[in-house]
There are 2 protein chains.
Amino acid sequence: MEVIMHIIGEKLNSSIPSVFTALKNRDAGLVCRMAQQQQAAGADYLDVNAGMFPDEEAELLVWLVRTVRTGSDLPLVIDSPSPAVLESALAAFQRPEARNQKPETGIKRPVLNSISLETERFGPVLALALQYNADVIALCMDDRGIPETVARRLENAHKLLSRLSENGISPERVFIDPLLQPVATGDENGLDALLAIRQIREMSPSCHITCGLSNLSYGLPNRRLLNRTFLPMAMLCGLDAPILDPLDTQIMDTLTAATLLLGRDEFCGEYIEAFVQP
Amino acid sequence: MEVIMHIIGEKLNSSIPSVFTALKNRDAGLVCRMAQQQQAAGADYLDVNAGMFPDEEAELLVWLVRTVRTGSDLPLVIDSPSPAVLESALAAFQRPEARNQKPETGIKRPVLNSISLETERFGPVLALALQYNADVIALCMDDRGIPETVARRLENAHKLLSRLSENGISPERVFIDPLLQPVATGDENGLDALLAIRQIREMSPSCHITCGLSNLSYGLPNRRLLNRTFLPMAMLCGLDAPILDPLDTQIMDTLTAATLLLGRDEFCGEYIEAFVQP
């Protein structure tokens, strides 16, 4: 089966100090530039997050969505644990008459980041996904919290895909997130993540699998090295929608090389285009 | 099972122009420095090759072995397709009285690079390995040449391990080489290599698996990027004895990161030692 990678650009996140400041000052220029730079660098989706402003998250996320829209036509990954905040952001950039319609050919749906098996989240986010025809990032967690074993991650992934499918959201519209934990907090966390990705992929050939690569390297030096070393291993296991910094040329070069090494670059075309000087 | 990586330094190879010149001029200083640099950079074995001098290969390899020995105590990987050349080199650095004896604790045996299922090679190299108590790199090829499929690589690996074992050389002393082919000559060659490594590892948990990473990138630009992107994927599949350039700091950093991500670096100790500035 042909594998197409979906790069989710992580830069428009309020936990990044420069973005925090830009949001605080409503600096549309910087936000717009950051969207355009990520698109030019190869992002297929842009994650947008205003979670560091708990008192005005909805208002700021609406502003962020509208501002990004002026600079980029990439589909957005709307990033908030709150269904109410997600709804404000969805309403801000989707004309009401477009709701419940199939998107035009070639236009990708927005993605809600995220749904999970948590009781307070599953129902409301599902309702939004159906109402606004949005795809979902689905975290492998339930009311018991983040799973501690590969087996429970797999079990949660299975439940999420089943319950979403029963409700009309097919696996092709779901980005399963196995919830990487930092290797700094557990020697086995990297390997467990890889095993979880592999087992989820074996269970579902058609869902997307996503993860925030930088979660893995949290608390350690030389984080970009860890992120880009993990990427090819995770791609081999079945990851197809990494959340990463597309402005990091080394990780994007690694992606190009891994694509070739995994037999997904006919006649080395993309690789040669990237690295042969004209 | 604990996995220990065995790094085989590839630099002392006559196909590298500076080494070719050093061999031609019997430049002991350069050869010695290159051995010491590789050891300091983390090599566990040093490959030695004089194959670019067909008329004086044996003589030059003997000189190379003796010269390297003055600068490094690492075990050598003696690299020649010719059993006669291998024997000259073995005789040059192993005292005859040491033959057929178990090596002292902590001293690694030399490795013959290589044996294969080819009729002209199997018997003579096996005899040398037994006589000189040497380990072997075993190429997955037979009289039909380099296999074109993963299945035939696996079949050849199985035959090699069986026939060597029947003759007293246990899998722990065998470094199976699945014979990577350049991705430039076939889109699937990278993926096939990974699948072959994985299947060989599933078949034999105790053999070593080796390969020359740079074979893969032959003919393409930015070869080091391809080599270091392949390494973590191959380690995940079961490679434990890569032949590489230990003076390439980026590939060695990738190795340190991959070791952590695969759960083989307790408390991130080696990673932190490598990357935290004191």
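Buried means under 20% relative accessible area, exposed over 50%, and partly exposed in between (1.4 Å probe, protein chains only). You're looking at a predicted model, where local features need pLDDT of at least 70 and side-chain atom pairs count only at pLDDT 80 or more, while totals for chains, interfaces and linings use all residues. Residues are numbered from 1 along each chain as its sequence is written, chains are lettered from A in the order in which they are written, and side-chain values use heavy atoms, with hydrogens and water left out.

**Exercise 1.** Work out whether B:Asp142 is buried or exposed, and what its side chain reaches.

*Solution.*
- Step 1: find B:Asp142 in the loop between β5 (135–139) and α6 (150–166) of chain B; helices (H or I, at least four residues) and strands (E, at least two) are DSSP runs, numbered from the N terminus.
- Step 2: its relative accessible area is 9%, so B:Asp142 is buried.
- Step 3: its side chain reaches the backbone nitrogen of B:Arg144 at 2.9 Å.
- Step 4: leaving aside neighbours within four places in sequence, B:Asp142 is in contact (heavy atoms within 4.5 Å) with B:Leu117, B:Glu118, B:Arg152 and B:Asn156.

**Exercise 2.** Find how chain A can be laid on chain B.

*Solution.*
- Step 1: superpose by least squares on the C-alpha atoms of residues with pLDDT of at least 70 in both copies.
- Step 2: a turn of 180° with a shift of 0.0 Å along the axis does it, at an RMSD of 0.0 Å.
- Step 3: the two copies are thus related as by a two-fold rotation axis.
- Step 4: in chain A, the C-alpha nearest the axis belongs to A:Met233, 2.4 Å from it.

Key: Polar contact = N/O pair within 3.5 Å; in protein donor to acceptor, adjacent residues only side chain to side chain.
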